[in-house]
Amino acid sequence: MAISEQAPVIIIGANLAGLMLARALQVRKVPFEVYEQDAGLVAPAQGSSISLHQSWTHIDKVFPEHVDLMEFLMDAMAIRDNPMDVGMSVIDGRTNESLATLASTIDTQGLSVDEFMKKYPQQRAFRLNRFRIRQSLAKTIDVHWGHRYVRSEQDENGGGVTVFFENGVEVRGCVVVGADGAHSRVCNDIVDGQLSSLTQFHPGLFLVSTQWLSDAEYKELRTVCHHSLGHVHTMPRDKSLIENPKYPLTLLFISTADVDRENRPDTPYEVCWIMSRYCADAVNQLNPGDASNADRRDVAFKWANDALDGPLRTLVTNTPAEQKVYKINLPHRVPPRDYLEKQTARTVIGDAAHPMVPARGSGGNQGVMDAVVLALELEKVNQGTQTIKEALANYHAEMVPRATPVVEGSSQTNLDNYESVDHFINMMRAIQKRYTE
């Protein structure tokens, strides 16, 4: 079936991967429609940011004009007063000693973002605010808000797909692309309702919140965490906190999510913190409905008081009482190759295809790659040089072997982090070596 205004590409989900796909199709004049279950683009209760690094050669294809790429970057930049700061410090939580550093060896002093992009195209890495990424991408895309996907039906003769939404709307398209997150309803259709049995959860209990810091508070934090990202490892004093002696460490991840001097002149720095410990039954612990915000806050504070000192402990324990502390489950799932190979008009990208445990922005970067690879294949369909079925087969043949080892590696890396800081330091040194070569 050809792509047309009457039978466009149907994208389910206006997140990073979905909007990147939409933008990539837009610049190639491939007809598409985006449907999102949320009522609109609303800023989340807590900020988060992502490091984009592996996917820049793909992002170039989303923004073929340099001026458009620069507009996107400046819209979405997380660390607006120091955009080239994407390094990471590995820190001992008790002593506050820096154990290792990952940072570019390039002297960026005096360089603007534009100059850096042009002078060092192979070294591009920036920390972007997740919400502002979506906000920037959505500026030129007409999203159908408030449409919750229910199911889709592929035509047996390869004549397209019909998509049904909870509000009674039905739409026809040439292909439906699920970009609807780790618990994707589109993917569940593709795998014949077996999504839950194909999905595993990382055995880590993760508690997340944010603080808005003043200049003085942020400066103090940066005396310990010398970059916008910090990975903190520490052995708990209270040995009763250790569930499994193989994985004893308490972990703290720090990221600068936003800098907003215009609206928050007194506390311009939004810093996200994530504390975690190994817990085999993490998926069933401290969930909403079973535990209150005060319960999650108490656990995070207990961990911080036990395992952290100095500005690192203060970052957690000074979190205001009214601030939400979230518990997050971390699903991971390799792309369902056997099911994808049977599809004639359905596929998935990003977390819908391969949710993974966070590790240096791998999930987001893989999602961007998915979006661009699929867009290039669909462009060929629009040009009449291949069919939808051939485009999906080509996309799956590239995506599955690329994303599968990243899913598996991210999960193992996070598990290793609970065992010994040496695993993470060795990984950082290997990455740093690549930076300097």
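C279 is a buried residue in this predicted model, with a relative accessible area of 11%, and C174 likewise counts as buried, at a relative accessibility of 1%. For a reader wondering about cysteine chemistry, it helps to recall that a disulfide is a covalent bond between the sulfur atoms of two cysteines. A search of the whole structure finds zero disulfides, and C174 accordingly takes part in none, since the nearest cysteine sulfur, that of C187, is 19 Å away, whereas a disulfide needs a pair of cysteine sulfur atoms within 2.5 Å.

C174 also leads to the interior of the model, being one of the residues that V9 touches. Once residues up to four places away in sequence are set aside, the contacts of V9 include I3, L25, V30, P31 and F32, together with E33, V175, V177 and L378. V9 and F126 are the residues with the most contacts inside the largest nonpolar core, which has 79 residues. Apart from that core lies another, of 32 residues, with A78, I91, V259 and A300 among them. As background to such groupings, nonpolar side chains in soluble globular proteins tend to be buried together.

V30, one of the residues that V9 touches, is placed in the loop between α1 (16-27) and β2 (32-36). Is V30 buried or exposed, given its relative accessibility? At 2%, V30 counts as buried, because the cut-off for that class is a relative accessible area under 20%. Besides V9, and again without residues up to four places away in sequence, V30 touches I3, L25, E379 and N382. V30 can also be placed relative to a distant part of the chain, for V30 and E115 are 85 residues apart in sequence and 32 Å apart in space, taken from C-alpha to C-alpha.

The residue L378, in the contact list of V9, and the residue E379, in that of V30, direct attention to helix α12, which runs over residues 362-382. This helix has 21 residues and reaches 30 Å from its first C-alpha to its last, close to the 30 Å expected at 1.5 Å a residue. Helix α12 is mostly covered, with 17 of its 21 residues buried. Just after α12, G384 takes a positive phi of about 85°. Helix α13 (residues 388-419) holds H396, which counts as buried at 6% relative accessibility. Leaving aside its neighbours within four places in sequence, H396 is in contact with L340, R346, T347 and P401.

The aromatic side chains give another route through the model, in which a search of the whole structure finds seven aromatic pairs. One of these joins F63 and F72 in a stacked arrangement, with 4.8 Å from centre to centre and 20° between the planes. Both partners are covered, as F63 is buried with a relative accessible area of 3% and F72 is buried with one of 1%. The rings of Y247 and Y278 have their centres 4.9 Å apart and their planes at 25°, so this pair is stacked as well. Y247 lies in the loop between β14 (229-234) and β15 (250-259), while Y278 is in strand β16 (residues 269-278), so the pair ties together parts that are 31 residues apart in sequence. Y247 is buried, and Y278 is buried too.

F126, named above for its contacts inside the largest nonpolar core, also belongs to an aromatic cluster that it forms with W56 and F116. A ring can be partnered by a charge as well: the charged end of R151 sits over the ring of F164, 3.9 Å from its centre.

Two loop residues deserve a look for their backbone geometry, and the background is that most residues other than glycine have a negative phi. N96, in the loop between β4 (88-92) and β5 (98-102), has a phi near 65°, a positive value in a residue other than glycine. D192, whose place is in the loop between α6 (185-190) and α7 (195-198), likewise has a positive phi, of about 55°, although it is not a glycine. In their surroundings, N96 counts as buried at 17% relative accessibility, whereas D192 is exposed, with a relative accessible area of 56%.

Key
Residues are numbered from 1 along each chain as its sequence is written. This is a predicted model: local features need pLDDT of at least 70, side-chain atom pairs count only at pLDDT 80 or more; totals for chains, interfaces and linings use all residues. Side-chain values use heavy atoms; hydrogens and water are left out. Buried means under 20% relative accessible area, exposed over 50%, partly exposed in between (1.4 Å probe, protein chains only). A nonpolar core is a set of buried Ala, Val, Leu, Ile, Met, Phe, Trp, Tyr and Cys residues joined through side-chain atoms within 4.5 Å. Contact means heavy atoms within 4.5 Å. Helices (H or I, at least four residues) and strands (E, at least two) are DSSP runs, numbered from the N terminus. The expected span of a helix is 1.5 Å times one less than its number of residues. Rings of Phe, Tyr and Trp (its six-membered ring) pair if their centres lie within 6.5 Å; planes under 30 degrees apart count as stacked, over 60 as edge-to-face and the rest as tilted. A charge sits over a ring if NZ of Lys or CZ of Arg is within 6 Å of the ring centre and within 35 degrees of the ring normal.
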